[in-house]
Amino acid sequence: MEATIELIVRSTEIDVNGHVNNAKYLEYLEWGREEWYEKAELPYAVFLAIGIQTVTVNINVNYRKECRQGDKLTVRTVPERAGRTSYVLKQEIVNELGEVCADANVTCVTMDATTRKSRELPSELLQWFA
């Protein structure tokens, strides 16, 4: 299942080099992951109801093409792979010309909401990686 969001680069996201600051890409990717969770019907409240939380433990980002103010971008998020307690979401930020501006693999871990220790992926999440 793929989730997408569209955004327009704002002036406050530009750095001294005249393009999107590298840290903003991480924010765009986070927005994309939140959309994926919503589309998968796994908002934060659902995770809490089953006693887990998710934490991002690793982000590998490739910055491929600069983005500038006014650019229309699409963030795409798809499930890549799942382990016992962790999973990877693959993400891309694409401009309106279809060029990949950044891509990332984001590794998250599920943890018990009470003990704060890693916990096996629940079936509600694991089903999206089949």
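Before I describe the sheet, one definition is needed: two strands are said to pair if DSSP finds at least two bridges between them. What you have in front of you is a predicted model, and with that in mind I would like to start with the sheet, go on to the first helix, and then look at the core and a few single residues.

With that definition, the model shows an open sheet of 5 strands in the order 1-3-4-5-2, with antiparallel pairing. Strand 1, residues 3–8, and strand 2, residues 52–63, stand at the edges with a single partner strand each, so one side of each of them has no neighbour in the sheet. From one strand to the next, the twist averages 25°.

Let me walk across the sheet in that order. Strand 1 is joined to strand 3 by 6 bridges, and the two run antiparallel; if you would like a pair to look for on screen, E6 has T74 in strand 3 as its bridge partner. Strand 3 is then joined to strand 4 by 9 bridges, again antiparallel, and the chain passes between these two strands by a hairpin of 3 residues. Along this pairing, P79 stands opposite L89 in strand 4, and L73 stands opposite N95, also in strand 4.

Strand 4 and strand 5 pair in the antiparallel sense over 9 bridges, and here Y87 has C108 in strand 5 as its bridge partner. These two strands form a hairpin as well, with 4 residues between them, and G98 in that turn has a positive phi of about 85°. Strand 4 is mostly covered, with 7 of its 10 residues buried. The last step takes us to the other edge, where strand 2 and strand 5, residues 100–112, pair in the antiparallel sense over 11 bridges, and where I52 finds its bridge partner in D112 of strand 5.

Now to helix 1. This helix covers residues 22–39, and its 18 residues should span 26 Å at 1.5 Å a residue, which agrees with the 26 Å that separates its end C-alpha atoms. At the N-terminal end, N21 acts as a cap, with a side-chain oxygen 2.8 Å from the backbone nitrogen of A23. Which residues of helix 1 are buried? They are Y25, Y28, L29, G32, R33, W36 and Y37. As background to that spacing, an α-helix has 3.6 residues a turn, so residues three or four places apart point the same way.

Several of these residues return when we turn to the core. The largest nonpolar core has 29 residues, and those that touch the most other members are Y28, W36, Y37, L73, Y87, I93 and L125. The elements that give two or more residues to this core are strand 1, helix 1, strand 2, strand 3, strand 4 and strand 5. To take one member, L125 is in contact with W36, L42, F47, Y87 and T110, leaving aside its neighbours within four places in sequence.

T110, the last residue in that list, deserves a moment of its own. This residue lies in strand 5; is T110 buried or exposed? Its relative accessible area is 0%, and because buried means under 20%, T110 counts as buried. A polar atom of the T110 side chain lies 2.5 Å from the backbone oxygen of R119. Not counting residues up to four places away in sequence, T110 touches a long list of residues, including I52, T85, Y87, R119 and P122.

Finally, the loops. Most residues other than glycine have a negative phi, and with that in mind two positions are worth finding. Just after helix 1, E41 has a positive phi of about 60°; E41 sits in the loop between helix 1 and helix 2, residues 44–49, and is exposed, with a relative accessible area of 64%. The other is R116, which is not a glycine and has a positive phi of about 65°, and which is placed in the loop between strand 5 and helix 3, residues 123–126.

P43 also lies in the loop between helix 1 and helix 2, and at 24% relative accessibility P43 counts as partly exposed. Apart from residues up to four places away in sequence, P43 touches Y37 and E38, while its C-alpha atom is separated by 17 Å from that of V88, 45 residues apart along the chain.

Terms used:
Residues are numbered from 1 along each chain as its sequence is written. This is a predicted model: local features need pLDDT of at least 70, side-chain atom pairs count only at pLDDT 80 or more; totals for chains, interfaces and linings use all residues. Side-chain values use heavy atoms; hydrogens and water are left out. The expected span of a helix is 1.5 Å times one less than its number of residues. Buried means under 20% relative accessible area, exposed over 50%, partly exposed in between (1.4 Å probe, protein chains only). A polar contact is a pair of N or O atoms within 3.5 Å; within protein, one must be able to donate a hydrogen and the other to accept it, and residues adjacent in sequence count only if both atoms are side-chain atoms. Axes are lines fitted to C-alpha atoms, for helices over the stretch in contact, and angles run from 0 to 180 degrees between N-to-C directions. A nonpolar core is a set of buried Ala, Val, Leu, Ile, Met, Phe, Trp, Tyr and Cys residues joined through side-chain atoms within 4.5 Å. Contact means heavy atoms within 4.5 Å.
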